[in-house]
Amino acid sequence: MDIDLARAWVQAIAAVMAGERDRLTQLDSAIGDADHGVNMQRGFAAAAAALDDDGLKTVGAVLVKVGSTLISSVGGASGPLYGSTFRAIGKALDTPQADPVLFAAALAAGLQSVQKLGAATPGDKTMIDAYAPALAAFQEEADAGAEFAAAARAAARAAEEGMRATAPMQARKGRASYLGPRSIGHQDPGATSTALVFRALADTAARR
Amino acid sequence: MKKLINSPETVLDDALAGIAAAHTSLRVDRDSRVITRAAGTRPGKVALVSGGGSGHEPLHGGFVGTGMLDAACPGEVFTSPVPDQMLAAAQRVDGGAGVVFVVKNYTGDVLNFEMAAELAQDAGIRTETVLVNDDVAVDDSTWTAGRRGTGATVLVEKIAGALAEQGAGLAAVAAVGRAVNAASRSFAVALTACTAPAAGKPGFDLPDDEIEIGVGIHGEPGRRRDTMRSAREIVAIALDAILTDQPMSAGDQAIVLVNGLGGTPLLELYVVFAEVAAALAERGVVVARNLVGNYVTSLDMAGVSLTVCKADAGMLALWDAPVNTPGLRWES
């Protein structure tokens with residue numbers, strides 16, 4: 001990943017969040033408070049706009065800026081969770097160009113950060129249920145010497161599988177946890193937006 | 001959806017313009033989205049800052065003023081504010097004696113206030129956080145995000161605000177806030193779902209003859225569905241849940257809040273209060289103070305939340321202290 005890909009990725013996320021805003025909100029309406037789509041759209045639109053800054057010289061600088069902008073503009077739980085994740089990924093990429101192995105390590109730092117903040121583990125019906133399998137898939141491809149685009153494609157597929165797997169789970173974190181057994185049968189909105197983030201990465205990398 | 005708005009995107013900005021125009025006792029910074037007292041904070045006084053998603057008016061901006069909050073940070077509708085807002089608020093109102101953040105226990109509010117507290121401390125401001133988690137409709141277990149913060153927020157802000165006004169130190173103000181929270185239990189029942197402007201339709205489907213028992217203040221569903229009941233039966237359900245969690249005995253004194261969720265007329269809230277007062281009197285519990293009205297709302301949701309605080313003499317004295325805010329006002 002280079003700076004151009006990082007920027008293109010963020011722009012792609014902003015576009016997909018705008019397009020999927022209503023669907024995310026519907027998902028959140030079922031088990032949360034119906035603001036996830038609006039929040040994701042607002043946050044990534046602000047993040048994409050913040051990248052007009054020409055002073056960003058490394059992949060990390062771009063992604064740290066994204067994270068800080070999300071924290072400053074989203075609110076709710078997703079602002080800090082997505083924001084700290086992007087900041088952690090960015091902090092691990094102090095380079096103008098990152099190979100798949102380095103990017104996998106950065107994704108791992110992102111997972112560590114979001115887990116530290118949200119205290120969620122796989123199976124809690126959260127964004128972790130899409131992120132953790134995506135990271136594992138990316139890591140496996142990277143370790144096997146795959147190209148960035150191939151690793152990103154594997155990560156997107158794994159995230160989507162993880163996303164679908166949240167439907168039968170009972171939520172144990174966030175607002176959905178108050179529903180108890182009634183949260184079963186609804187796909188988690190956070191896992192869904194995470195899958196969109198990884199799909200945007202795969203699509204952007206494939207176009208290059 | 002029928003709402004008196006200009007557009008879902010501008011609801012918060014437009015409402016802040018109205019708050020600024022309506023209340024000259026407040027200073028509304030629409031850029032940083034921070035509401036403070038127009039007169040500022042007295043030097044040396046501990047400052048109280050609260051905030052949360054909008055849609056709960058008068059919470060929180062309506063409780064900024066003498067004897068209560070120094071600043072409020074309104075987030076987007078049902079979305080917590082961001083750390084920048086809270087930091088701006090803390091910097092604006094710190095009178096040198098530190099800042100108490102009053103935070104309702106929702107994942108988003110907690111995370112953003114945690115970040116703000118770190119930023120404030122980095123900026124040399126001493127902070128304490130009082131977490132409000134009074135809602136007995138959800139279990140406080142490792143399997144949930146813990147109890148939600150609801151009606152007790154008003155009591156915490158009033159009583160801690162009074163102690164801060166009297167000149168107490170940071171630790172003491174935070175301690176009384178925590179004590180009020182620990183002594184308070186709440187339970188809410190919704191008759192209808194609410195409609196967030198951005199969602200455009202009700203947050204959950206609730207048939208005409210059913211009620212949602214144990215809702216939170218965002219319309220998020222609660223314990224269970226049931227058929228519509230009389231006010232007396234609904235009060236019995238709520239009070240049972242509260243007193244099971246916090247037993248009270250004859251002679252105990254209570255501050256009782258019968259709070260409308262936004263779409264329920266005062267007539268019905270008084271019907272509810274009569275039942276609460278009677279049920280508590282039967283147990284020998286003295287309703288020493290009460291509030292009946294819309295204090296912590298959920299947009300247009302019909303329904304009621306009941307908060308019972310087992311108050312000691314110190315809390316009652318602080319409750320009686322003068323308060324002058326748009327949402328709560330009395331002489332001592």
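**Exercise 1. Work out how strand 2 of chain B is paired on either side, and find a matched residue pair for each partner strand.**

Step 1. Start with strand 4 (residues 71-77) of chain B: two bridges tie this strand to strand 2 of chain B, and the sense is antiparallel. Keep in mind that this is a predicted model.

Step 2. Pick out a matched pair. I35(B) has A72(B), in strand 4 of chain B, as its bridge partner.

Step 3. Now turn to strand 1 (residues 26-29) of chain B. Strand 2 (residues 34-37) of chain B runs antiparallel to strand 1, and four bridges hold them together. Here R27(B) is matched with T36(B) of strand 2.

Step 4. Check the turn. Strand 1 and strand 2 of chain B form a hairpin with four residues between the strands, and R33(B) has a positive phi near 55 degrees.

**Exercise 2. Lay out the six-stranded sheet of chain B and say which strands stand at its edges.**

Step 1. Write down the order. The sheet is open, its strands run 9-8-7-12-10-11, and the pairing is mixed.

Step 2. Read off the ends. Strand 9 (224-227) and strand 11 (286-293) of chain B each have a single partner strand, so one side of each has no neighbour in the sheet.

Step 3. Look at the twist: ignoring direction, neighbouring strands are turned by 20 degrees against each other on average.

Step 4. Zoom in on the strand 9 end. Strand 8 (residues 210-213) of chain B pairs with strand 9 of chain B through four bridges, in the antiparallel sense. Across that pairing, E212(B) sits opposite R225(B) of strand 9.

Step 5. Add the helix. Helix 6 (residues 231-245) of chain B lies across strands 7, 8, 9 and 12 of chain B. Its direction is at about 150 degrees to strand 7 (184-190) of chain B.

**Exercise 3. Decide how compact chain A is for a globular protein of its length.**

Step 1. List the elements: chain A has nine helices and zero strands.

Step 2. Compare the sizes. For 208 residues the globule rule gives 17 Å, and the radius of gyration of chain A is 16 Å, close to that value, so chain A is as compact as a globular protein of that length.

Step 3. Put a box around the chain. Along the principal axes, the C-alpha atoms of chain A fill roughly 45 × 35 × 30 Å.

Step 4. Look at burial and contacts. Taking under 20% relative accessible area as buried, 61% of the 208 residues of chain A qualify. Of the chain A contacts between residues at least 6 apart in sequence, 69% join residues at least 24 apart.

Step 5. Finish with the surface. Chain A exposes about 7,500 Å², with carbon and sulfur atoms supplying 52% of that area.

How values were computed. Residues are numbered from 1 along each chain as its sequence is written. Chains are lettered from A and ligands numbered from 1 in the order in which they are written. This is a predicted model: local features need pLDDT of at least 70, side-chain atom pairs count only at pLDDT 80 or more; totals for chains, interfaces and linings use all residues. Side-chain values use heavy atoms; hydrogens and water are left out. Two strands pair if DSSP finds at least two bridges between them. Axes are lines fitted to C-alpha atoms, for helices over the stretch in contact, and angles run from 0 to 180 degrees between N-to-C directions. Contact means heavy atoms within 4.5 Å. The radius of gyration is taken over C-alpha atoms; the globule rule is 2.2 Å times the number of residues to the power 0.38. Buried means under 20% relative accessible area, exposed over 50%, partly exposed in between (1.4 Å probe, protein chains only). Accessible areas come from the Shrake-Rupley method with a 1.4 Å probe; for residues, only the protein chains shown count as cover.
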